[in-house]
Amino acid sequence: MVELDKHTFEDEVLKAEGYVFVDFFGDGCVPCQALMPFVHEMADKYGDKMKFTSLNTTKARRLAISQKVLGLPVMAIYKDGEKVDEVVKDDATQESIEAMIQKYI
């Protein structure tokens, strides 16, 4: 997992070629913390096919808003710098996250 911040997001996600998974999470987000071990498991399982990254939106609020991340958790997939898919809030379950990843590998 590549830890992103407002300085590295553009190079690691928006300028990256291929598929990039972004876990948008926040410090006070309990569902985000609950999903984090699973997301790291997915990174271990599929990391050879897709880049896995995470962004703490508490420290990058403007960036999150610019990416239309208005609630948490959000798991998004970007392809060549464009967001192509995401699961948001209550839809962000282990099953839906892995299903979304499998569509793009």
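The following paragraphs describe the sheet, the helices, the disulfide and the aromatic pairs of a predicted model.

The model contains an open sheet of five strands, arranged in the order E1-E3-E2-E4-E5 and with mixed pairing. Strand E1 (2–4) and strand E5 (82–88) occupy the edges, and because each has a single partner strand, one side of each is left without a neighbour in the sheet. From one strand to the next, the twist averages 25°. The mixed character of the pairing can be followed through E2, which is joined to E3 by six bridges in a parallel arrangement and to E4 by six bridges in an antiparallel arrangement. On the E3 side, Val22 has Thr53 as its bridge partner, whereas towards E4 the residue Asp23 stands opposite Met75. Strand E2 is mostly covered, with six of its seven residues buried. Strands E4 and E5 also run antiparallel and are joined by six bridges, and within this pairing Lys79 has Glu82 of E5 as its bridge partner.

Two helices were examined in relation to this sheet. Helix H2 (residues 30–46) lies across E2, E3 and E4 and runs at about 165° to E2. Helix H4, in turn, lies across E2, E3, E4 and E5, with a direction at about 160° to E5.

A search of the whole structure for disulfides finds one, and this disulfide is formed by Cys29 and Cys32, whose sulfur atoms are 2.2 Å apart. The torsion about the S-S bond of Cys29 and Cys32 is about 75°, and the disulfide is therefore right-handed. Both cysteines, Cys29 and Cys32, are buried.

The loop between E2 and H2 contains Asp27, which has a relative accessibility of 47% and therefore counts as partly exposed, the range for this class lying between 20% and 50%. Asp27 touches Gln33, Asn56 and Thr58 when residues up to four places away in sequence are not counted. For one of these contacts, that with Asn56, the C-alpha atoms are separated by 7.2 Å, although Asp27 and Asn56 are 29 residues apart along the chain. A further loop residue, Thr57, is placed between strand E3 (51–56) and helix H3 (61–66). With a relative accessible area of 8%, Thr57 is buried, and its contacts, again without residues up to four places away in sequence, are Phe24, Phe25, Gly26, Ala64 and Leu72.

The structure holds four aromatic pairs, of which two are described here in detail. In one of them, the rings of Phe9 and Tyr78 have their centres 6.1 Å apart and their planes at 85°, so the pair is edge-to-face, an angle of over 60 degrees being required for that class. Because Phe9 lies in helix H1 (residues 9–14) and Tyr78 in strand E4 (residues 74–79), this pair ties together parts that are 69 residues apart in sequence. Phe9 and Tyr78 are both buried. In another pair, the ring centres of Tyr19 and Tyr104 are 5.3 Å apart and the planes stand at 50°, so that the pair is tilted. Tyr19 belongs to strand E2 (residues 19–25) and Tyr104 to the segment after helix H4 (94–103), so the pair ties together parts that are 85 residues apart in sequence. The two tyrosines fall into separate accessibility classes: Tyr19 has a relative accessible area of 24% and is partly exposed, whereas Tyr104, with a relative accessible area of 19%, is buried, the limit for buried residues being under 20%.

Two further features involve residues of these pairs. Phe9, Phe24 and Tyr78 are linked into a cluster by ring pairs, and Phe24 is also among the residues touched by the buried loop residue Thr57. The ring of Tyr19, in addition to its pairing with Tyr104, has the charged end of Lys79 sitting over it, 5.6 Å from its centre. Lys79 thus appears in two settings, over the ring of Tyr19 and as the bridge partner of Glu82 in E5.

How values were computed: Residues numbered from 1 in each chain as written. Predicted model: local features only at pLDDT ≥ 70, side-chain atom pairs only at ≥ 80, totals over all residues. Heavy atoms only, no water. Phe/Tyr/Trp six-rings, centres within 6.5 Å; stacked < 30°, edge-to-face > 60°. Helix = DSSP H or I, 4+ residues; strand = E, 2+ residues; numbered from the N terminus. Buried < 20%, exposed > 50% of the residue type's maximum accessible area, 1.4 Å probe, protein only. Lys NZ or Arg CZ within 6 Å of the ring centre and 35° of its normal. Contact = heavy atoms within 4.5 Å. Pairing = 2+ DSSP bridges. Axes fitted to C-alpha atoms, helices over the stretch in contact; angles between N-to-C directions. Disulfide = S-S within 2.5 Å.
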